[in-house]
Amino acid sequence: MVTMTLSKIFLLAFSFFSLFFFTCTEGRVHAKSRPKHSDIVSHVSLPPAPAPQAPVSPSYYKDSPSPSPSPIQRNFARVYNVLSFGAVGDGVTDDTQAFKMAWDTACLQNESAILLAPGDYSFMILPAIFTGPCKTSLVFQIDGTIMPPDGPESWPSKMNKRQWLVFYRINGMSMQGGGVIDGRGEKWWNLPCKPHKGINGTPLPGPCDSPVAIRFFTSSNLTVQGLRVKNSPQFHFRFDNCQNVIVQMLSIKSPAQSPNTDGIHIENTNNVQIHNSVVSNGDDCVSIGAGCHNVDIKNITCGPSHGISIGSLGIRNSRACVSNITVTDSVIKHSDNGVRIKTWQGGYGSVSKITFHNIHMETVRNPIIIDQYYCQTRNCSNQTSAVYISDILYTNIKGTYDIRSPPLHLACSDSVPCTNLRLSEIELLPAQGQFMANPFCWNAYGAMQNLTIPPVPCLLDGIPQFLPQNNIDQCQNNLYQTRM
């Protein structure tokens, strides 16, 4: 009996000692890992998951990106909140220096860093350039609102009026969040020099520079996602000389009459994905300039706008090389153009290996258009040189068109014909009335792979006698050097 009692006392004592020891040990571990105030550990949710892949049926018709985020996953990184660097966030105070200091501090870290513009604040930022390279990957997390000065009169007189926020020589950056980039563009659109302010579209004299809202220049491995962007004075996003770019889950919105407000413009930029976004603006939803290769545009709702454009290319007798572009599973509605390739006379180079597939048109004025006589004035002279357009595939493009223009407009150069234009499963009907407009073709060679509505009898068969091989070779050499 005494032996059993001693045994119970021993077991109880051992249990108490074990509980005390492990509790103290856990307490010491937590005490060591608890961050100090200056070393914040943030729990940042991952950006929204991509929308489901669009099937052939019109299940991808929607007016906004999917609002449902993916399940929250903890991402431990050091946070640099602009409020901690002196930002006020009242929408009036100049917060530029706070953002610059937060950027410089985050950029110099050896571990992942987050520059945070928190929610419930509005930050006014003057024109600024954020430079790299940074030592590690960096997240620019916009949960509040960021905005420029309010119009030309408020713009600093000695600062560039062609750009607002520029990110230069950045590698591995993500710009994301649930916030808003507000370009405050209305006063810029109403400058007398803008085409819609003059008589019969003729600009009036006066200063006309207007800033691009967000520009990435000479940067790589970029991601822009989840943001609402509105009312840019000019282009909303511009990518120049960039590599490996992902743009997704954006909502871009400006009035239909806002001039030159392209949603996303890329120039000399390769390996680009633009997915699952909604763009409504006064110019092209997406515009692709010279020197772009390997671009995938998918699941875009576009319009009212000027459509999705390759070009304009070859301005001022310049060379333009564009290849391997796909536009798929998208909607274009109430727009001046649908899918467009536009070039100036006098340019040279080539546009090749382009696919437009599974696109729904809703009351679009020029659903399918190639315009090699692009001109913004009435006195453009005819020239013999032209960008060579070849290997263009149009498949499963259906919907309605505005009867003021033909459903297909294939106007190729007098001296440099378009070749290998392939049409399959085209069904374009007038949005109003019964009259079916005839397609227009000029020096366009290709084939209808099955019956199209309307038929395109003006498309020429075979291969023209003359092909500008020099244009092709120059672009292929340029592409080879880019890959090297």
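The exercises below work through selected features of a predicted model, each with a stepwise solution.

Residues are numbered from 1 along each chain as its sequence is written. Because this is a predicted model, local features need pLDDT of at least 70 and side-chain atom pairs count only at pLDDT 80 or more, while totals for chains, interfaces and linings use all residues; side-chain values use heavy atoms, with hydrogens and water left out.

**Exercise 1. Describe the protein chain as a whole.**

Step 1. Count the secondary structure elements: the protein chain has four helices and 31 strands. These are DSSP runs numbered from the N terminus, helices being H or I with at least four residues and strands E with at least two.

Step 2. Take the burial: 51% of the 484 residues count as buried. Buried means under 20% relative accessible area, exposed over 50%, and partly exposed in between (1.4 Å probe, protein chains only).

Step 3. Take the contacts, defined as heavy atoms within 4.5 Å. Among contacts with a separation of 6 or more, 76% are between residues 24 or more positions apart.

Step 4. Take the surface: the protein chain exposes about 23300 Å², and 55% of this comes from carbon and sulfur atoms. Accessible areas come from the Shrake-Rupley method with a 1.4 Å probe; for residues, only the protein chains shown count as cover.

**Exercise 2. Characterise the surroundings of His 306.**

Step 1. Check the record: an unreviewed UniProt entry carries the annotation "active site" for His 306. UniProt positions are given in the numbering used here, feature names are shortened, and annotations may be inferred rather than shown by experiment.

Step 2. Locate the residue: His 306 sits in the loop between β21 (293-302) and β22 (308-313). With a relative accessible area of 22%, His 306 is partly exposed.

Step 3. List the contacts beyond four places in sequence: His 306 touches Gly 282, Asp 283, Asp 284, Asp 336, Asn 337 and Arg 340.

Step 4. Look for a polar contact (a pair of N or O atoms within 3.5 Å; within protein, one must be able to donate a hydrogen and the other to accept it, and residues adjacent in sequence count only if both atoms are side-chain atoms). The His 306 side chain reaches the backbone oxygen of Gly 282 at 3.3 Å.

**Exercise 3. Which residues does Ser 254 touch, and is Ser 254 buried or exposed?**

Step 1. Ser 254 is in the loop between β17 and β18 (264-267). Its relative accessible area is 5%, so Ser 254 is buried.

Step 2. Apart from neighbours within four places in sequence, Ser 254 contacts Trp 189, Lys 230, Asn 231, Ser 232, His 236, Thr 261, Ser 280 and Asn 281.

Step 3. A polar atom of the Ser 254 side chain lies 3.0 Å from the backbone nitrogen of Asn 231.

Step 4. Asn 231 is also touched by Gly 185, as are Ser 232 and Pro 233. Gly 185 lies in the loop between β11 (180-182) and α3 (186-189), and at 1% relative accessibility Gly 185 counts as buried.

**Exercise 4. Place Gln 109 relative to Thr 136.**

Step 1. Gln 109 belongs to the loop between α2 (96-107) and β4 (113-117). At 18% relative accessibility, Gln 109 counts as buried.

Step 2. Gln 109 and Thr 136 are 27 residues apart along the chain, and their C-alpha atoms are separated by 6.8 Å.

Step 3. Beyond four places in sequence, Gln 109 touches Arg 78, Tyr 80, Lys 135 and Thr 136. The side chains of Gln 109 and Tyr 80 make a polar contact at 3.3 Å.

**Exercise 5. Identify unusual backbone geometry.**

Step 1. Set the reference: most residues other than glycine have a negative phi, and most peptide bonds are trans.

Step 2. Find the cis bonds. One joins Gly 132 and Pro 133, with omega about 0°, and Pro 133 is in the loop between β6 (128-131) and β7 (138-142). Another joins Gly 311 and Ser 312, with omega about 10°; Ser 312 is in strand β22.

Step 3. Find positive phi values. Met 249 has a phi of about 55° and lies in the loop between β16 (243-248) and β17 (251-253); at 4% relative accessibility, Met 249 counts as buried. Asn 294 has a phi near 60° and is in strand β21; with a relative accessible area of 30%, Asn 294 is partly exposed.
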